[in-house]
Amino acid sequence: MTRKQLFLLLAAVLLSLLPAAAHLFGNPYLLSLASRILIYGLAAASLDLLLGYGAMISLGHAAYVGIGAYAAGILHLHLGAPGLAPALALVADSEVSGLVILPLAVLAASLAALVIGALCLRTTGMHFIMITLAFAQMLYYFFISLEAYGGDDGLSLLGRSKLPLVNLDNDTHFYYFCLFCLIAFLLLASRLVHSRFGLILRGTGDNERRARGLGVNTGRYRLALFTIAGGSAGLAGALLANHSEFVSPGLLNWTLSGELMVMVLLGGIGTLFGPVFGAAVYLLLEEGLNMYTEHWMAYMGPLLVLAVLFARNGLLPLLISGRKRHG
Amino acid sequence: MAEALLDVTGLNKSFGALLATNDLSLSVRQGEVHALIGPNGAGKTTLVNQLSGDLIADSGRVVFRGQDITRLPAHHRARLGIARSFQITHIFENLTVAENLGLALLAGHGGNFHFFRHWRRAPRLTERLEEALTRFDLLQHRDQPAASLSHGEKRQLEVGMALVVDPQLLILDEPMAGLGPGGTVELTRIIRRLKGQLTILLVEHDMDVVFSLADRITVLVYGHDIATGTPAEIRGNALVRQAYLGEEG
């Protein structure tokens, strides 16, 4: 067993025992924080597909998290409303609203990524960074001005989505559901990067001109990856909406895009698992520092600088050192 | 006379005021090694880029196997059978040697939207990959990242990636650049072995290599073809001597 597998096994055991520990210490907030880490981990890992494998520096990933969250919030509102179309009312009554809400949230984010990606991918380098940012900010201001759904104040959900077998209103169930989503994503994504599609993409990210010279229509592959990453971020958004039972337009702001990027770099770009670890370190630091001072950012900044300086490839590769980058 | 595989007529390309390609015509026959020489700045690489599709000509025509490809994008041309190597080594540095060759083998097919199965298990790939690793003497480096290869091995890999798909026309843009004497001999041997199997357009500075390998030579000066002929004819051409070979005494 390699050190990486050992590390992942250890992480899986710790994560599955965490709810028991939270009950033991009588600290339910711990569980809520852990769920948030898993969800941010999912969003960061989806961004890593773009940054670490596709070499597409998107500074607008928050847009897809936000669209997933708003899709979940808006659907929630309407599924609970009276005078609903009979087909939808049936779904709402049958206590499985999540089976509609979650897939539709992913679909909405994927579609947005498909359209925005098709436009952004006409550019490269600095222009790509700026145009992804511009689209995300456009959507941010769109949702701020969307008075019907809370506008600036955000949108409250009345309870969480309903799923068969699990009760998401129970925080322990919700935590395990987030863990399940994250692990499923990581398994699928690590298959993806070593598939034919993944090989072509990694090559395209490495040297696009060479890939074209070999006969690859690189634009189609990049757009497909952009859509997949957007959809996955949408799932994270829908989970986030359920987690806090609230959707804020702040989710679409560029600060979240920046935070996700920091999580990817901190944990290890191009490692998929690293960004999850990065999300945990980032959010725990934020919580920890927040307890001592409200100027926590002043301490967080230097810590991040040190981490980036001394762990060039990220914290996870440092911990399991000796492993190659795309292992 | 053998049939022309690639026909270039009246090609022009300018960058601002600079006329990099100036009414250039060139015909590469099926099966020959056709060398392209010229002083620095003669527009050799600009021409190669217009043949591979990395640049699009301002005017003129490029015809490959009877098909007008003047405005076709690079990946279409690759699928028609034009392979190129680059002046600066262009390989996928972060991928392993096997992944580099595997990608070259898979890239020519459109249907790579397979998301789950490992790429090595693509149909009919294993044998071709093993064969390519053996043929280009890269078997012992297969799982190494390409970035860790020596300069000569990188060249070998690059030429290998261009050749695995059995292209119709292979464009080699200064393949000997940066190679030591040993590497040059080795690569010359590889190219000589390819002679007759496929058509090669060779852009090269090393005159020994050019005169020993080429069936015909075209000389470019300021983006225009001033002469085309056999090595003996080019050696005897007064215009060429004056414009180019004269430099070397």
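I will go through one sheet in chain B and then the side of chain B that touches chain A. A word of caution before the details: this is a predicted model.

Let us start with the sheet. It is open and has six strands, all belonging to chain B. Reading across, the order is β6-β7-β8-β3-β9-β10, and the pairing is mixed. As a reminder, strands in a sheet pair through backbone hydrogen bonds, and they do this either parallel or antiparallel. Which strands are the edge strands? They are β6, residues 82–85, and β10, residues 224–229, of chain B, and each of them pairs on one side only. On average, neighbouring strands of this sheet are turned by 20 degrees against each other, with direction ignored.

Now one pair within that sheet. Strand β3 of chain B, residues 33–37, runs parallel to strand β8 of chain B, residues 199–203, and four bridges join them. If you want a position to look for on screen, find Leu36(B), which stands opposite Val203(B) in β8(B).

There is also a helix to point out. Helix α5 of chain B, residues 151–163, lies across β6 and β7 of chain B, where β7 covers residues 169–173. The helix runs at about 175 degrees to β6(B).

Next, the contact between the chains. How many residues of chain B are in contact with chain A? The count is 31, and they meet 24 residues of chain A. On the chain B side, the elements giving two or more residues are α2 (74–80) and α3 (97–107). The largest share, six residues, comes from α3(B). Sorted by class, this side of chain B has 16 nonpolar, nine polar and six charged residues.

How values were computed:
Residues are numbered from 1 along each chain as its sequence is written. Chains are lettered from A and ligands numbered from 1 in the order in which they are written. This is a predicted model: local features need pLDDT of at least 70, side-chain atom pairs count only at pLDDT 80 or more; totals for chains, interfaces and linings use all residues. Two strands pair if DSSP finds at least two bridges between them. Axes are lines fitted to C-alpha atoms, for helices over the stretch in contact, and angles run from 0 to 180 degrees between N-to-C directions. Two residues are in contact if their C-beta atoms, placed from the backbone, lie within 7 Å. Ala, Val, Leu, Ile, Met, Phe, Trp, Tyr, Cys and Pro count as nonpolar, Asp, Glu, Lys and Arg as charged, and the others, Gly among them, as polar.
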